[in-house]
Each structure stands twice: as C-alpha cells, then as structure tokens.
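The questions below concern how certain descriptive terms come to be applied to a structure. Each answer sets a value beside the definition on which the term rests.

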Amino acid sequence: MNVYDSEQIAKVLTPLGYEISPTIEAADLIMVNTCAIREKAEQKAFSFLGRLTALKRRKPGLIICVGGCVAQQEGRMIIERVPQVDLVFGTQAINRLPEHIRNISLKRCRITDVEMTREIMEFPSGIKPVVDDNITRFVTIMRGCDNYCTYCVVPHVRGPEISRRPENIINEIRELVEAGVKEVTLLGQNVNSYGMKEGLCSFPELLKLVNEIEGLSRIRFTTSHPKDLSEELISAFAGIEKLCSHIHLPVQSGSDTILKRMNRKYTRELYLEKIERLRKISPDIAITSDIIVGFPGETEDDFRATLDLVKEVEFDSLFTFGYSDRKNAPAARFSEKVPDDKKNERLQELLELQEYYTVKKNRALVGSTEPILVEGFSKKQGTEDGQERFAGIRWTGRTSTNKIVNFIDAKTPTDDDNLMGNRIDVMIEKAFSHSLWGRPVNVKPMPLRVKGEESYAA
Ligand code: SF4
C-alpha cells in the first residue's frame, strides 16, 4: 500500500515540476512515507528524520514532508518533535499535497493535515506514471479497513473501508498497460469485501473486468481475509484466465483461543476448509500466509497449534512477525505479554519449520517447465551459486505461483531483443530457499564461462 501511495505522491507532484531526485542530497523536497504496522518501522522513520537535520541546516530551502500511517497517528506531535519537518500529511491527504507544497514554498509555513473523510481519494488521470520502467505495478482498489483485529492499527490510521469505483480502477490499469505494464496486483486490506458497502460490483466481478483489459498479462491481488473468502472468489482461480495461481491468506495463528483474542472472526477449522476448497479448484495454487507469534496470552499449546497448522497446510512461504504493542490497538492493553526471548525462540522455530516446506515446494518444481513473466535484470549479474561467471544477461521473473526464477539468456538486449515483459518458458534446474534457477526453453543460452578462463566451460 505504501509503495502505491509513494507512486501517487510522486505523480501528484509532477505538475508542480518535481521529478525523482537521483540522491537525497540533490533533492529540493524529501517525502518520508511512514509505516506504523510495527514498532520497528516507526522507529526507523524517526531515526531517518533525525539524519536529515544536517542536510536541512546546509540547505534551508529544503522542504521535508512526512506522510503515511505514523503521520496520521502522531499528527502535530511530529511537527513539534522534529523541527526540520515542514509538512505532516495523513493517509487521506495525498491529493491535497500540491496545494500544501505551494503554500510552504511561498510562505515557508509549517502544515499538519491529518483530516479523515469518508470520500475515497482519486487522483487525476492522464499524468504519466513516475516509475515507468516497471512491468508489474500495484493498484489500490480500496482503502481503510472495518475489521479491527486487536493487534492492528490500520483501521485507526487508514480509516474505514472505502472502495474505488470499478471504472476508475479500470482506467488506471489501462493507462498503466499503455505505459508498458504487464502485471497488476490489486490492493486492499481485505479485497474480499470490495464494493460491498457501496453496492458496487463484487471483487470476482471486478477481476473479470480487469481480465478483459487488452495487453495485460497477469493479475494478482492481496490481501484476502479468510473469513470473507467466498466460493465465487475461490472459483475465480479456475475461471479467470489472467489470474495468477497464488493467494496470500493470512492465518495469524493456528489456535482458536488466540484467533478469538485477535478478533479474526474465523476458526482454525474454517481456515483449513478454505484451503481445501482452494486446492480442489486449483491443485497447483501457491498459498502464502502471515503469522504473528507471541500474541498476548499465547501459551506453548497455542504455539504448537500454529506449528501443526503450518505442517498441515504446507505453505509456499510465510511472513512471520513477533507481536509488538501498537498505540491505539486494543491488544496493547491485553495482559499476559509473552517475554521477548520466548517470542524470538518461537519465531526461530517457526522460521525453521517453514524453511523446510519452502525448499520442499521449490524442489518439487525442478524438472518442470514454468511460464515466467520477465520482470527485469537480476541484481546478481555475473554470478551463479556465489561463483563469478559470465554468460550473457541474467534475467529475473516470476512464475504464476509468485516464485522468483533467475535465468541467463546469452543475447545482449537491444530494443528488438529485450526479454523484459515477455512471457517465456523456463525449465527449472535448481531450487534454493528464496528463488529458482532455470534455463529458457527455445531461447538458446550461451555456455557458462568461468571468470578469467579463455575457453567456455562445458
Ligand atoms: S483485516 Fe485486520 S489485520 Fe488486516 S488491516 Fe484490517 S484490522 Fe488490520
């Protein structure tokens, strides 16, 4: 959500003449987009702001703005605590940014805008995306959340759930496709309840509309609340051609007692039933999840129930978090806090267990041929398995199941010969814990050459 918001921030400032600066030192305006979901992210934002003090001293005309969830939560306090900050803007103030920046430039005033409305933020269309070399992009379809999980600040800092109109979403995706985007990830705190409050189309109906967009290759979405995962959406995995074979379905805990304390409104049994339905409809679907360990009151038995659920589901991968108290979230007031060392111990055990299943799932793909959407150059040019090698261009892409695949194509990309954005078949040769290594089928790769050797290795 913050990646998308950052792109919108850059986009609304383009008409004012701003463009992305290559370095922080060269910038006339710095936007710090913050996250309040975990304590660590909030601390990082303040420490980053602290580091900007010297820069502002050297460059008094510099405008420093703080947005996002911490800005929404702390509001004026940031202006008071951090003297170098000129603007604090909340999660619903992005479209008012041009006006604020103009005022600050002209009057050198300091502004706080954390006003919450019940209107959905829409941005002007027709402005060229600022980040324009990406093949995959996020598109927010709704904002806010009505679920009030007891550990979470989102409903407090992003407000109640509001959905965007389908025609605005479709127009935005069409513009992205015209700019070269091939894959979109539709974003919402709970996409399953898209449009319900406003009486718009359902989320699966929206998926069908997006599926019709010519030139778009793939659709993903996140996040899906298990309690609202409908039969219609499960069936979409079999019926909507461009929908990728991956669902992120956060379970958070395998213990019914903890799920109840978290206010998740589903049981372990219901969650497992949904997994069964998904695998029946789409046997190869990748399932990923979020788990919080050390929630207040989590006993050893509760944690064992989580481990058992992980063994039963065999997730493709997991995002794991040690619980941390968040201001405004009810669980901050819950007693029976789990000590940090116990939390870390449980986190470690869970990570090790999941590593086993991630590698197992990845290894199962070795020998298969997977269609990959090529997203760009791999960061590790010239290396394979830690050894320096030169063998053409190393590309990276993803399977429909969202697994990263790196591979080498011998050709040097030119305008006519650039794999970026192409869908190509890759034979999977090796599996690692976070990625796969493959060989393109029907694209002749050059043999590997070890650095410093004259001849090509076999
Ligand atoms: S569904 Fe729960 S965890 Fe997700 S954003 Fe809403 S309140 Fe937070």
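Two strands pair if DSSP finds at least two bridges between them. The model discussed here is a predicted one.

Q: What makes β16 and strand β17 (residues 404-409) a pair, and in which sense do they run?
A: Pairing requires at least two bridges. Six bridges join β16 to β17, and the two strands run antiparallel. Within this pairing, Arg394 stands opposite Ile408 in β17. The hairpin of β16 and β17 has five residues between the strands, and Asn402 there takes a positive phi near 70°.

Q: Why is strand β16 (residues 393-398) described as largely enclosed?
A: A residue is buried if its relative accessible area is under 20%. Five of the six residues of β16 meet this condition, so the strand is largely enclosed by the rest of the structure.

Q: How do you know that strand β13 (residues 369-377) pairs with β16?
A: The criterion is at least two bridges, and β13 and β16 share four, in the antiparallel sense. Leu373 stands opposite Arg398 in β16, and Val374 stands opposite Gly397 in the β16 strand.

Q: What makes β13 and strand β18 (residues 423-431) a pair?
A: Five bridges connect β13 and β18 in the antiparallel sense, against a requirement of at least two. Val426 in β18 is the bridge partner of Glu370.

Q: How do you know that strand β8 (residues 183-187) and β9 are paired, and which way do they run?
A: The two strands are joined by five bridges and run parallel; the definition asks for at least two bridges. One of the bridge partnerships links Leu187 to Thr222 in β9. From β8 the chain crosses through helix α9 (residues 203-211) to β9, in a right-handed β-α-β crossover.

Q: Why is strand β9 (residues 218-222) called largely enclosed?
A: The cut-off for a buried residue is a relative accessible area under 20%. Four of the five residues of β9 are buried, so the rest of the structure largely encloses this strand.

Q: What makes the bond between Thr222 and Thr223 noteworthy?
A: Thr222 and Thr223 are joined by a cis peptide bond, with omega about 5°. Thr223 lies in the loop between β9 and α10 (231-239).

Q: Why is Asp228 called partly exposed?
A: Buried means under 20% and exposed means over 50%, with partly exposed in between. Asp228 has a relative accessibility of 23%, so it counts as partly exposed. Its place is in the loop between β9 and α10. Asp228 and Asn192 are 36 residues apart in sequence, yet their C-alpha atoms are 5.7 Å apart in space.

Q: Why is Val88 called buried?
A: The relative accessible area of Val88 is 0%, and the term applies under 20%. Val88 has its place in strand β3 (residues 87-89). The C-alpha atoms of Val88 and Gly67 are 5.9 Å apart, with these positions 21 residues apart in sequence numbering.

Q: What is particular about the phi of Glu314, and why is Glu314 partly exposed?
A: Glu314 has a positive phi of about 55° although it is not a glycine. This residue, Glu314, lies in the loop between α13 (300-313) and β12 (317-322). With a relative accessible area of 22%, Glu314 is partly exposed, since the term covers values between 20% and 50%.

Q: What is particular about the phi of Asn328, and why does Asn328 count as partly exposed?
A: Phi of Asn328 is near 80°, a positive value in a residue other than glycine. Asn328 is found in the loop between β12 and α14 (340-363). Its relative accessibility of 40% makes Asn328 partly exposed, for the term spans the range between 20% and 50%.

Q: What lines the largest cavity, and what is its lining made of?
A: The structure holds four cavities of 30 Å³ or more, and the largest has a volume of about 70 Å³. Its lining includes Thr91, Glu119, Met121 and Arg158. The lining residues divide into three nonpolar, three polar and three charged.

Q: Which residues surround the ligand, and how do they divide by character?
A: Among the surrounding residues are Cys145, Tyr148, Gln189, His225 and Arg264. The shell divides into seven nonpolar, three polar and one charged. Arg counts as charged, and Cys and Tyr count as nonpolar.

Key. Residues numbered from 1 in each chain as written. Predicted model: local features only at pLDDT ≥ 70, side-chain atom pairs only at ≥ 80, totals over all residues. Heavy atoms only, no water. Near = heavy atom within 4 Å. Buried < 20%, exposed > 50% of the residue type's maximum accessible area, 1.4 Å probe, protein only. Right-handed = clockwise from strand over helix to strand, strands pointing away. 1 Å grid on protein atoms, 1.4 Å probe; cavity = no way out; pocket = protein on both sides within 12 Å on 5 of 7 lines; lining within 4 Å. Points joined across faces, edges and corners; volume = space filled by probe spheres on them.
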